[in-house]
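Dear colleague,

I am handing over the structure we spoke about, and below it you will find my notes on what turned up in it. Please read them with the structure open beside you.

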Amino acid sequence: MTKTLGIIGGMGPMATSFLTEMLITYTRAERDQDHIETISYSRPGIPDRTAFLLGKSREDPLPVLKETALTLRDMGSEVLAVPCVTSVVYREELQRATGIPVLYGINATIGDLRSKGVEKAGLLATEGTLKAGIVKGAFEEQGIEIICPGEQGRSYVMELIYDDIKKGRVPDISKFEKVSEELLDKGAGSLILGCTELSLIKKFTKLSGVYADILEYLAKEAVLACGGELKEDMV
């Protein structure tokens, strides 16, 4: 029995689109009917999560997130996927409001890194995600030490997300490589793409297996949660 997936999208729109592409690409399907049903609600007007968490904006994203989640549930969604790592700070509120599972891909990422024996991982994420500490805490509770970039590295990550990807520009790969090298030099055995928009970098350059893409794990987690099957090479 399959379930309908609801996607709280627009944070940002390109990450939402890429998630939808992954859902289709990763599903084992011989015909249209083998894919899971999805309802995507793209709301780019949701207030910026990082700006609010850093105290740079008074616009709280939670009311709009709740409204979107409830709309998707009322339209028939039985599982929700949120392609925005920073908004994981609102997961419990969204689950309480809707009464259905809310997926972010974080647990699936942790499970895979643990199975590979990763003990230290570098986290590339927004300043909001780093300040909230929820992602870092989730990994460390499961025995994976999280290494964060220094001040310059964090600045590079924010520039990649806000100055390049969100503006539809080609990301500055040199900045991405510098942050990656910093984290590897600090002992990271894996590098977590902890912002769904960083996943878009894969459209501009080939990434090695050292990277763990939370958006990719979210897609796989969502397919399985809704009763779909993954292609053998995607398991």
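Helices here are DSSP runs of H or I with at least four residues, and they are numbered from the N terminus. On that footing T68 belongs to helix α3, which covers residues 62-74. Please keep in mind throughout that this is a predicted model.

**The chain as a whole**

The protein chain contains ten helices and eight strands, and its C-alpha atoms fill a box of roughly 45 × 45 × 35 Å along the principal axes. A compact globule of 235 residues would have a radius of gyration near 18 Å, and the 17 Å found for the protein chain therefore agrees with that expectation. Of the 235 residues, 49% count as buried. Among the contacts with a separation of 6 or more, 73% are between residues that are 24 or more positions apart.

**Two domains**

The protein chain is divided into domain 1 (5-104 + 217-226) and domain 2 (106-214), with 20 Å between the centres of domain 1 and domain 2, taken over C-alpha atoms. To the contact, domain 1 contributes 23 residues and domain 2 contributes 29 residues.

**T68 and G9**

T68 has a relative accessible area of 0%, and because buried means under 20%, T68 counts as buried. Once its neighbours within four places in sequence are set aside, T68 is in contact with I8, Y41 and R43. G9, for its part, is found in strand β1 (residues 5-9) and is likewise buried, at 0% relative accessibility. Leaving out residues up to four places away in sequence, G9 touches T16, Y41, S42, R43 and I46, so that Y41 and R43 appear in the contact lists of both G9 and T68. In sequence G9 and T68 are 59 residues apart, while in space they are 9.1 Å apart, C-alpha to C-alpha.

**The largest pocket**

Rolling a probe the size of a water molecule over the atoms shows where empty space is left. The largest pocket has a volume of about 550 Å³ and is lined by 29 residues, of which D112, K116, E216, Y217 and K220 lie nearest its centre. By class, the lining of the largest pocket has 16 nonpolar, five polar and eight charged residues. At least two residues of this lining come from each of α1 (13-26), α5 (106-115), β7 (190-193), β8 (211-213) and α10 (214-225). Where does the largest pocket lie with respect to domain 1 and domain 2? Both domain 1 and domain 2 give residues to its lining, so the largest pocket lies between them.

**The cavity**

A search of the whole structure finds one cavity of 30 Å³ or more, and the volume of the largest cavity is about 90 Å³. Its lining is made up of 15 residues, with R49, C84, T86, T126 and C195 nearest the centre. Six of the lining residues of the largest cavity are nonpolar, five are polar and four are charged. Helices α2 (49-53) and α8 (151-165) each supply at least two residues of that lining, and at least three residues are drawn from each of domain 1 and domain 2.

With best wishes

Conventions. Residues numbered from 1 in each chain as written. Predicted model: local features only at pLDDT ≥ 70, side-chain atom pairs only at ≥ 80, totals over all residues. Heavy atoms only, no water. 1 Å grid on protein atoms, 1.4 Å probe; cavity = no way out; pocket = protein on both sides within 12 Å on 5 of 7 lines; lining within 4 Å. Points joined across faces, edges and corners; volume = space filled by probe spheres on them. Nonpolar A, V, L, I, M, F, W, Y, C, P; charged D, E, K, R; others polar. Domains from an automatic or database assignment. Buried < 20%, exposed > 50% of the residue type's maximum accessible area, 1.4 Å probe, protein only. Contact = heavy atoms within 4.5 Å. Rg over C-alpha atoms; globule rule 2.2 N^0.38 Å.
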